[in-house]
Amino acid sequence: MISRQPYLQAVTSESILIIWDTPVATQTWIEYGTTSALGLIAGEEDPVIHHAVLLNELEPSTRYFYRVQGHEINTFRTAPFSGQSNFSFAAIGDTRTDQVNHGKVIELMAMTSPDFYLHVGDMVEDGSNLMDWTSFFQIEAPVLKNSPLYPTLGNHDLNTDNGQAYFDYFSLPGNERYYEFTAGPVHFFAINSDWREPDGIGASSAQAEWLRQGLAASTLPWQIVYFHVAPYSSGYYGSEPALQWPFAEWGADAVLTGHEHHYERLLVDGLVYFINGLGGGARYPLSEQPLPETKSRFRDDHGAMLVEATADSLS
């Protein structure tokens, strides 16, 4: 019996981590392979409640089938080698509070079958409330079981216990508060925009220096930075000057954020900024006038972004 459906983490060109929960400690297994006949098995040495099995020696850019503990067969795709192959990814944000609309957005995402997806924060209303997390995983299961998730912290995720549940549930690179990973021609950088970040959130902070150096060292065609609080916004909260880092000067090609519960696309210093906060939370009002940098904004319905990435374009 499974109490939390499988979800995918830490995909690379040759490995992936599959996580699920059972109501009691059990010793379980995964069957997997490149066809629905499966054929390969990976298991655990000890009985546990929170299961995490790493599949190794996989082929890059390959669709695999898998089944946890004899349940339904799901699929995933391994990442392409760095700099190679095309892929799709989705981005969603601010899924908290409205389970019905959150579920509708996930249904749409599941139909598009992204290779993986980003969450720009505020996954739940209260990061210390385990029932909120249970609801999140139940609603997102149709996507989580096939598409690895790379989240970043929102202020609600950090509420109480310094976001301990977030760190317990997800297995992320680096210090997990901010981190980087690559997929094909894209280098992704996740930032923690919350004021409680130990390494700071200003443009001269240790976190910002980490980003500056990472962007400078990247050799891939595209660099995408994503985090929760929007540096520029014509929404309910408005712009956040502390996060107006010189992303364009440092080499970013796009910035994805949330926090504001609307969609907005802005062009600042030649760099495209997106606000993607329509994942399920109550929609917030817009300011009467958009910013001069605003190119488009929308709040009439909930939704997410789907991006196709090649060496020549992000669309």
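How far apart should the ends of the 14 residues of helix H1 (residues 99–112) be at 1.5 Å a residue, and what separation do its end C-alpha atoms have? The expected span is 20 Å, and in this predicted model the end C-alpha atoms of H1 are 20 Å apart, which agrees.

**Two helices**

The N-terminal end of H1 is capped by Asp98, a side-chain oxygen of which lies 3.2 Å from the backbone nitrogen of Val100. Within the helix, Asn101, His102, Gly103, Val105, Ile106 and Met109 are the buried residues, and these buried residues pack against E8, E9 and H2. Just after H1, Ser113 adopts a positive phi of about 50 degrees.

Helix H2 departs from the straight form, for its 15 residues would reach 21 Å in a straight helix at 1.5 Å a residue, whereas its end C-alpha atoms are only 18 Å apart. A kink of about 35 degrees is found at Gln138, shortly before the proline Pro142. At the start of H2, a side-chain oxygen of Asn129 comes to within 2.9 Å of the backbone nitrogen of Met131. The buried residues in H2 include Trp133, Phe136, Phe137, Ile139 and Leu144.

The table sets out the spans of the two helices.

| Helix | Residues in helix | Straight-helix span | Distance between end C-alpha atoms |
|---|---|---|---|
| H1 | 14 residues | 20 Å | 20 Å |
| H2 | 15 residues | 21 Å | 18 Å |

**Cores and aromatic pairs**

In soluble globular proteins, nonpolar side chains tend to be buried together. The largest nonpolar core here has 63 residues, and the members that touch the most others are Ile18, Leu118, Trp133, Phe170, Phe188, Tyr226 and Leu256. Helix H2 (residues 130–144) gives the most to this core, with 6 residues. Apart from this core lies another, of 22 residues, among them Leu215, Val225, Tyr232 and Tyr273. Beyond its neighbours within four places in sequence, Ile18 has contacts that include Pro6, Tyr7, Leu8, Ile30, His51, Val68 and Phe76.

Aromatic pairs number 34 in the structure. One of them joins Phe116 and Phe181 edge-to-face, with 5.7 Å from centre to centre and 80 degrees between the planes. Phe116 belongs to strand E9 (residues 116–119) and Phe181 to strand E11 (residues 179–183), so this pair ties together parts that are 65 residues apart in sequence. Both Phe116 and Phe181 are buried. Elsewhere, ring pairs link Tyr7, Trp133, Phe136, Phe137, Tyr166, Phe167, Tyr169 and Phe170 into a cluster.

**Two loop residues**

Is Asn192, in the loop between strand E12 (186–190) and helix H5 (206–217), buried or exposed? With a relative accessibility of 2%, Asn192 counts as buried, because the cut-off for buried is under 20%. Its side chain makes a polar contact with the side chain of Glu197 at 2.8 Å, and a polar atom of the Asn192 side chain also lies 3.2 Å from the backbone nitrogen of Asp194. Leaving aside neighbours within four places in sequence, the residues in contact with Asn192 include Thr152, Leu158, Arg177, Tyr178 and Gln207.

Gly83, in the loop between strand E7 (73–77) and strand E8 (87–92), has a relative accessibility of 36% and therefore counts as partly exposed. The C-alpha atoms of Gly83 and Pro221 are separated by 7.6 Å, although these residues are 138 places apart along the chain. Apart from neighbours within four places in sequence, Gly83 is in contact with Gly184, Pro185 and Leu220.

Technical notes:
Residues numbered from 1 in each chain as written. Predicted model: local features only at pLDDT ≥ 70, side-chain atom pairs only at ≥ 80, totals over all residues. Heavy atoms only, no water. Core = buried A, V, L, I, M, F, W, Y, C linked by side-chain atoms within 4.5 Å. Buried < 20%, exposed > 50% of the residue type's maximum accessible area, 1.4 Å probe, protein only. Helix = DSSP H or I, 4+ residues; strand = E, 2+ residues; numbered from the N terminus. Contact = heavy atoms within 4.5 Å. Expected span 1.5 Å × (residues − 1). Bend = angle between axes of the 7 residues up to and from the residue. Polar contact = N/O pair within 3.5 Å; in protein donor to acceptor, adjacent residues only side chain to side chain. Phe/Tyr/Trp six-rings, centres within 6.5 Å; stacked < 30°, edge-to-face > 60°.
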